[in-house]
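User: Please take a close look at one part of this model, the shell around the ligand. Then work outward from there.

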Amino acid sequence: MLRFLTAGESHGKGLVAIMDNFPAGVKMDEDFINEKLRLRQSGYGRGARQKIETDKIEFLSGIRGGFTTGSPVSLFIKNKDYENWRERMDAFKPVPEESKIHAPRPGHADFAGSIKFGLDDIRNVLERSSARETASRVAVGAVCQIFLRNFGIEFASAVLSIGGISEEKAEEKKEEKGTDLFCASQKKRYVPFSDASPFPADLFNETIRRNIDDSELRMPYPEAYSEEKIKKLIDETKAEGDTVGGLITAQAKGVPVGLGSFTQWDEKLDAHIAMSVMSIQAIKSVEIGAGVKSAFLKGSEYHDSIYYQEKGTDFKSAPFSASFYRKTDNAGGIEGGMSNGEIISVTCAMKPIPTLMKPYLDTVDLKTGEARKAFLERSDVCAVPAASIVVESALAFSICYFFLKKFGGDSLSEIGRNYEGYVRK
Ligand SMILES: Cc1cc2nc3c(=O)[nH]c(=O)nc-3n(C[C@H](O)[C@H](O)[C@H](O)COP(=O)(O)O)c2cc1C
């Protein structure tokens, strides 16, 4: 069973992730991992911290000669900012009383974390609960993607809206431009959450993919979306010392039929994805496919009818399941807890960043009971574009987990044989 653990503090020496039961023989691609780390650091509205860090992956174990060995893969990302925190984060030096934090910030782990662990300095909670940890999750997700690429499985992610502003002009542009920039089978796309977020993009289209990676908002239509409007909103919010959240989508393409299972509650692919995504800092809702919108549709409108069309001239050479297809994908590629061969899609809401640059929020000194204003710590105004990379990584881990469960073996070649035996039946 594939699993991973992470360790490390926001201002400690660095972040560590250990991936256990990762197969041997997978060619590692440092550039791919570093690109994902770079994207997690970017985006309009990030704070000063990202200017200090340039995250780079370092393998501590499990890779030799460019290939995984089957031993635990341990990944390390250095915190450059540690140099500025060396004294305060020292493992043995006593923590001066005056530097301790006693007033929990609403919306953070501060309050429950310090009571739960009996800590008299909230820094001991915030250092670990910080979203800096997501850098290690992105590294793990990137390693999973590298493995899954061997089986034609790809991932993509994008931002749907920020601070309530979505790609309002996307629908309009679709009419004007025909299908050029848009998915050939428009019907495949659903409208997540509400009609306020039209999202007809085929995230796997090369042009759109480039648009997303080049955009500071990670939105797919540079000429269609309200980039200026959203950037203005972020600038104004920053000036007010406030923050914003948004909506994110991530998708997986090429996932074979049958990952996950209907036989036990904790074997369900949608449940696993929901946990992976919900565990990301600041994510407050997770939808699969049409999600919330399904509650407003009739069965005849929501469910994705099944069709059959033989692929290619030699039926035997194409994956068995590739001949079955849907014209819609409201189920987000998952039925009965299993992948059904369509694009797997997850949409989630990120709350506004909880650290505010002005003293809006009330709190209480946990030592004295006195009323306080929440303290101000260097922070992002908007991290929705960055979070989209984390969501994509979380999805990649869940897919990889069930892929290895289904086709499991100790090496890439063994897994390849199992996979071929299944899909060519
Ligand atoms: C990529 C990313 C960056 C974040 N940056 C910040 C930040 O700069 N300041 C902050 O207060 N919260 C930030 N957060 C959110 C907090 O880490 C999170 O809200 C907090 O740990 C409490 O966890 P919860 O929201 O899941 O309950 C960020 C989250 C993500 C995913």
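Analyst: Start with the sorting rule. Ala, Val, Leu, Ile, Met, Phe, Trp, Tyr, Cys and Pro count as nonpolar; Asp, Glu, Lys and Arg count as charged; the others, Gly among them, count as polar. The model is predicted. By that rule, the shell around the ligand splits into ten nonpolar, nine polar and two charged residues. In total, 21 residues surround the ligand. The closest are Ala131, Gln281, Thr355, Asp380 and Ala383. By the same rule, Ala131 and Ala383 are nonpolar. Gln281 and Thr355 are polar, and Asp380 is charged.

Which element gives the most to this shell? Helix H12 does, with three residues.

Now follow H12 into the core. The largest nonpolar core holds 83 residues. Ala139, Val391, Leu395 and Ile399 have the most contacts inside it. H12, which spans residues 384–407, gives the most to this core, with 17 residues. Val391, Leu395 and Ile399 fall within that span. Take Ile399 in particular. Leaving aside residues up to four places away in sequence, Ile399 touches Leu148, Ile153, Ala252, Val255 and Leu259. Apart from the largest core lies another one, of seven residues. Its members include Ile101, Leu126, Leu356 and Ala374.

H12 also turns up over another helix, H10, residues 269–278. The buried residues of H10 are Leu269, Asp270, His272, Ile273, Ser276 and Val277. Seen down the axis of H10, they fall within an arc of 160°, so they line one face of the helix. What covers them includes H12 and strands E10 (283–288), E13 (334–335), E14 (338–339) and E15 (344–350).

Back to Ile399 and its contact Ala252. Strand E9 covers residues 246–253, so by numbering Ala252 belongs to that strand. E9 pairs with strand E7 in the antiparallel sense, over eight bridges. Within this pair, Ile162 has Gly246 of E9 as its bridge partner. E7 itself, residues 154–162, is mostly covered. Eight of its nine residues are buried.

E7 has a further partner. Strand E8, residues 165–166, pairs with E7 in the antiparallel sense, over two bridges. Here Ser161 has Ser166 of E8 as its bridge partner. E7 and E8 form a hairpin with two residues between the strands. In that hairpin, Gly163 takes a positive phi near 55°.

Definitions and conventions
Residues are numbered from 1 along each chain as its sequence is written. This is a predicted model: local features need pLDDT of at least 70, side-chain atom pairs count only at pLDDT 80 or more; totals for chains, interfaces and linings use all residues. A nonpolar core is a set of buried Ala, Val, Leu, Ile, Met, Phe, Trp, Tyr and Cys residues joined through C-beta atoms within 7 Å. A residue is buried if 20 or more other C-beta atoms lie within 10 Å of its own, exposed if 12 or fewer, and partly exposed in between; C-beta atoms are placed from the backbone. Helices (H or I, at least four residues) and strands (E, at least two) are DSSP runs, numbered from the N terminus. Two residues are in contact if their C-beta atoms, placed from the backbone, lie within 7 Å. The arc is that of the directions from the helix axis to the C-beta atoms. A residue is near a molecule or strand if its C-beta atom, placed from the backbone, lies within 6 Å of it. Two strands pair if DSSP finds at least two bridges between them.
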